[in-house]
Amino acid sequence: MIGVDTAGIAAKLGEAADTATAIGQLAAETGLDVDGAYAVQTALVQRRLDRGERLVGLKMGLTSRAKMAQVGVDEVIWGRLTDVMRVPDGGTVDVADFIHPRVEPEVAFLLDRVPEPGEPVGSFADAVRAVAPAIELIDSRYANFTFSLPDVIADNTSAGVFTIGPWSPVPDGLDNLGVLLEVDGRIAQVGSTAAILGDPRRALDEGLRLAGRHGVRLRSGWVFLAGAATAAVPLRPGAHVRAVVEKLGVASLRAASLGAASTGPAS
Ligand code: OOG
Ligand code: MG
């Protein structure tokens, strides 16, 4: 990847997010490959850490066929979550802080004892303390929400903000729980946790493996988003969104009405 301007690409993506202004795709013109794209993602997230944000977790992307089909990229990807990206359950965001926000239903894990590099992956029950329904608000920084694999990796996998519902102890089975995404009381998407790599627990193995390739370790106390079970839907001003996961409960998020004040992300 000689000649790729990692810092320059990260700065463009960071500016696009900070100003909620779409940019054109970058990978084709800059020759960015997957490894180079993760290096850009690292630099992009470092900009947030430099202004005082803290890493609080990892998110998986494109772990379901529905998501792969929606964006036309068919590889599992991962990105980073910071404290400032987390919106309290039932909280409000302002769509004006984003370019073309979409929401999707997720399953979240609260990590407990994650294996050290080189250590065998123990049981899921050892690695995960609790599970919760969650909502991810994604917002590609690319025009028309259109990107290649390296583009979306560089853009921190379209991460915007996320909301975690109440934590529960890990239930016996996680592999076939019903998932609903509701907008203003109407069902917008229906799915099953089986859509997430056959079983969302597999997303953790993939996260350990894929992030491990880039020297990234998962930490006790981190949140882990396993990836959306259904396609994402556009978030409109004034909308009330609920993600319902069987056995786990509900996470909810509101979009402020046009012109209303918000408690959304500071940036
Ligand atoms: C990429 C992010 C995918 C998921 O849960 O699959 C993702 C995108 O759809 O823009 O977060
Ligand atoms: Mg997601």
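The exercises below work through a predicted model of one protein chain, each with a task and a stepwise solution.

Residues are numbered from 1 along each chain as its sequence is written, and chains are lettered from A and ligands numbered from 1 in the order in which they are written. Because the model is predicted, local features need pLDDT of at least 70 and side-chain atom pairs count only at pLDDT 80 or more, while totals for chains, interfaces and linings use all residues; side-chain values use heavy atoms, with hydrogens and water left out.

**Exercise 1. The chain as a whole**

Task: Decide how the radius of gyration of the chain stands against that of a compact globule, and describe the secondary structure of the chain.

Solution. Step one is the rule: the radius of gyration is taken over C-alpha atoms, and the globule estimate is 2.2 Å times the number of residues to the power 0.38. For 267 residues a compact globule would have a radius near 18 Å, and the chain, with 17 Å, agrees with this. Step two is the extent, since the C-alpha trace spans about 50 × 50 × 35 Å along its principal axes. Step three is the secondary structure: the chain holds seven helices and 12 strands, where helices (H or I, at least four residues) and strands (E, at least two) are DSSP runs numbered from the N terminus. Step four concerns burial, with buried meaning under 20% relative accessible area, exposed over 50%, and partly exposed in between (1.4 Å probe, protein chains only); buried residues make up 53% of the 267. Finally, among contacts (heavy atoms within 4.5 Å) with a separation of 6 or more, 76% come from residues 24 or more positions apart.

**Exercise 2. Aromatic pairs**

Task: Classify the ring pairs F109 with F124 and Y142 with F147, and say where the partners of the former pair lie.

Solution. Begin with the criteria: rings of Phe, Tyr and Trp (its six-membered ring) pair if their centres lie within 6.5 Å, and planes under 30 degrees apart count as stacked, over 60 as edge-to-face and the rest as tilted. A search of the whole structure finds five aromatic pairs. In one of them, the ring centres of F109 and F124 are 5.0 Å apart and the planes stand at 80°, so this pair is edge-to-face. F109 belongs to strand 4 (residues 102-111) and F124 to helix 5 (residues 124-127), so that the pair links distant parts of the chain, 15 residues apart. Both F109 and F124 are buried. For Y142 and F147, centres 6.4 Å apart and planes at 55° make the pair tilted. Y142 is buried at 1% relative accessibility, and F147 is likewise buried at 9%. As a last step, note that F109, F124 and F224 form one aromatic cluster.

**Exercise 3. Surroundings of T63 and T82**

Task: For T63 and T82, establish the location, the accessibility and the contacts made beyond four places in sequence.

Solution. T63 sits in the loop between strand 1 (55-61) and helix 4 (65-71), and a relative accessible area of 3% makes T63 buried. The side chain of T63 reaches the backbone oxygen of A226 at 2.9 Å. Beyond four places in sequence, T63 touches V76, A195, I196, L197, A226, G227 and A228.

T82, by comparison, is placed in strand 2 (residues 77-82) and counts as buried at 0% relative accessibility. Its contacts beyond four places include V45, R48, L49, E53 and F162. The C-alpha atoms of T82 and V161 are 9.0 Å apart, although 79 residues separate these two along the chain.

**Exercise 4. Positive phi angles**

Task: Which loops hold T157 and L197, and is each residue buried or partly exposed?

Solution. T157 has a positive phi of about 50° although it is not a glycine. T157 lies in the loop between helix 6 (149-154) and strand 6 (159-164), and at 3% relative accessibility T157 is buried. L197, also not a glycine, has a positive phi near 55°. The loop that holds L197 runs between strand 8 (186-192) and helix 7 (201-212), and at 25% relative accessibility L197 counts as partly exposed. L197 also appears among the residues that T63 touches.

Conventions
A polar contact is a pair of N or O atoms within 3.5 Å; within protein, one must be able to donate a hydrogen and the other to accept it, and residues adjacent in sequence count only if both atoms are side-chain atoms.
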